[in-house]
Amino acid sequence: MTEKQQLLKNIYEQHFAAVDVNLYLDTHPRDRKALESMRCYTQKYNELKKLYEQKYGPLDMFAPINGDCWQWIDSPWPWEN
């Protein structure tokens, strides 16, 4: 597995975990342990996503816009990796 693939895998894992905890928090909004897990997963997700985008370009259309060109179309689409 390449470094790029490993980074993308880690991003997907953090995203999955955050979505899972989000669903739990929908019915248990005051669960402090779940809230802390959500903070950790989203923080790690954001860090990994930022790192990926610095190295390989936009991961999604919500990536920061750099320069004077729409870069989302320049990279392979996420499902092409």
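Let me start with the largest pocket, which has a volume of about 160 Å³, and please keep in mind throughout that we are looking at a predicted model. Ten residues line this pocket, and those closest to its centre are Lys50, Glu53, Gln54, Pro64 and Asn66. If we sort the lining of the largest pocket by class, we find three nonpolar, four polar and three charged residues.

From the pocket, let us turn to the nonpolar cores. In soluble globular proteins, nonpolar side chains tend to be buried together. Which residues make up the largest nonpolar core here? There are seven of them, namely Leu7, Leu8, Ile11, Tyr45, Leu48, Tyr52 and Leu59, and the elements that contribute two or more residues to this core are helix H1, running over 3-27, and helix H2, running over 32-56. Apart from this core lies another one, made of five residues, including Val21, Leu25, Ala34 and Met38.

To see one member of the largest core in its surroundings, take leucine 7, which, once we set aside its neighbours within four places in sequence, is in contact with Leu48, Leu51, Tyr52 and Tyr56.

My last residue is glutamine 14, which is found in helix H1. Is glutamine 14 buried or exposed? Its relative accessibility is 17%, and because buried means under 20%, glutamine 14 counts as buried. As for its partners, and again not counting residues up to four places away in sequence, glutamine 14 touches Tyr41, Lys44, Tyr45 and Leu48. Two of these names, Tyr45 and Leu48, should sound familiar, as they also belong to the largest nonpolar core.

Methods
Residues numbered from 1 in each chain as written. Predicted model: local features only at pLDDT ≥ 70, side-chain atom pairs only at ≥ 80, totals over all residues. Heavy atoms only, no water. Core = buried A, V, L, I, M, F, W, Y, C linked by side-chain atoms within 4.5 Å. Buried < 20%, exposed > 50% of the residue type's maximum accessible area, 1.4 Å probe, protein only. Helix = DSSP H or I, 4+ residues; strand = E, 2+ residues; numbered from the N terminus. Contact = heavy atoms within 4.5 Å. 1 Å grid on protein atoms, 1.4 Å probe; cavity = no way out; pocket = protein on both sides within 12 Å on 5 of 7 lines; lining within 4 Å. Points joined across faces, edges and corners; volume = space filled by probe spheres on them. Nonpolar A, V, L, I, M, F, W, Y, C, P; charged D, E, K, R; others polar.
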